[in-house]
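Thanks, everyone. I have one structure to walk through today. Please look at the screen.

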Amino acid sequence: VYPEECSYLIENIYLSLEYYLDYTFLKSGATFEGPTYYRYGKYFLWPFVRGMQYTVGTDYNLIEVPGFYNSLYYIADMHNNKGILFNYSDSDETATVEADFLYYCMKSGQSDLAKYYVSELFDETKLGPRSILNVMIYADKSMFDNGYNLKNTNVYYENSIDVGVMRENWTDENATYAAFKTLKGYPFKSHEQLDHGTFVFDAMGERWVSDLGKEDYSALSGTG
């Protein structure tokens, strides 16, 4: 009904998302806001990308920015083998994997990573009940074959926010897992905290050293 107004609106939404992707998904794939807010941002990005593909036939390579596909590995690396996150910045420890990850894995040809996410989505002891319908939409049968083989057990994401992970393997819930955030830079970006140098350490199925986590927003604002 209002083609010029709609065109103007969509163009500016697209430009703002370009800025968001360039600002948030750093070239290595890591994000300074932490893995929980990584998922939060992608939750709103996904409907726009698919909506553009269905309505105009293309997303104009919106997600072809440096670091976006690397971020799919980043979010896997931030989980230990029991589905608990390294909760630096404003992140929680609760696992954060959703079915739209499968689409991005397929689009980027990362089949082993897709199989990893399928195994996470179906493991209710780690993530709670998930919608089988969503998996049916985004997955194909190859993702259910022969398990997965993620080889990188030691990784360092170097950006303005630097995080590293060392893990014994990807499958044993009792495996040793350590993750750390370096002292590089200053915590001036959104959802960062004064937690440079923080780390977590897991072994024998337990988290022995944990980040204390973020302050509750409501409690903080309630005190003035």
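I'll take the overall layout, then the sheet, then the core.

One caveat up front: this is a predicted model.

Start with the whole chain. It has eight helices and five strands. The order along the sequence is α-α-α-α-α-α-α-β-β-β-β-β-α. So much for the string; now some totals. Of the 224 residues, 47% are buried. The accessible surface is about 12,100 Å², and carbon and sulfur atoms hold 56% of that area. Now contacts. Take those with a separation of 6 or more: 63% of them join residues 24 or more positions apart.

Next, the sheet. How are the five strands ordered? They run β1-β2-β3-β4-β5, in an open sheet with antiparallel pairing. Two strands sit at the edges: β1, residues 154–157, and β5, residues 206–209. Each of these pairs on one side only. On average, neighbouring strands are turned by 15° against each other, ignoring direction.

Look at the β5 end. Strand β4 covers residues 199–203 and pairs with β5 through three bridges, antiparallel. Within that region, Asp202 stands opposite Arg207 of β5.

Now go to the other edge. Val155 is in strand β1. What does Val155 touch, leaving out residues up to four places away in sequence? Asp77, Val163, Gly164 and Val165. Val155 and Arg167 are twelve residues apart along the chain, and their C-alpha atoms are 9.1 Å apart.

A helix crosses here too. α3 lies across β1, β2 and β3, and runs at about 120° to β1.

That brings me to the core. A general point: in soluble globular proteins, nonpolar side chains tend to be buried together. In this model, the largest nonpolar core has 48 residues. Which residues have the most contacts inside it? Leu45, Tyr74 and Tyr117. Several elements give two or more residues to this core. On the helix side, they are α1 (3–24), α2 (35–55), α3 (70–77), α4 (100–108) and α5 (111–121). On the strand side, they are β2 (163–167) and β3 (177–181).

Zoom in on Tyr117. Again leaving out residues up to four places away in sequence, Tyr117 touches Leu72, Ile75, Ala76, Val97, Phe101, Leu102 and Cys105.

To recap: an open five-stranded antiparallel sheet, α3 lying across β1, β2 and β3, and a largest nonpolar core of 48 residues. That's my tour. Over to you.

Notes: Residues numbered from 1 in each chain as written. Predicted model: local features only at pLDDT ≥ 70, side-chain atom pairs only at ≥ 80, totals over all residues. Heavy atoms only, no water. Core = buried A, V, L, I, M, F, W, Y, C linked by side-chain atoms within 4.5 Å. Buried < 20%, exposed > 50% of the residue type's maximum accessible area, 1.4 Å probe, protein only. Helix = DSSP H or I, 4+ residues; strand = E, 2+ residues; numbered from the N terminus. Contact = heavy atoms within 4.5 Å. Areas by Shrake-Rupley, 256 points an atom, 1.4 Å probe, with all protein chains shown as cover. Pairing = 2+ DSSP bridges. Axes fitted to C-alpha atoms, helices over the stretch in contact; angles between N-to-C directions.
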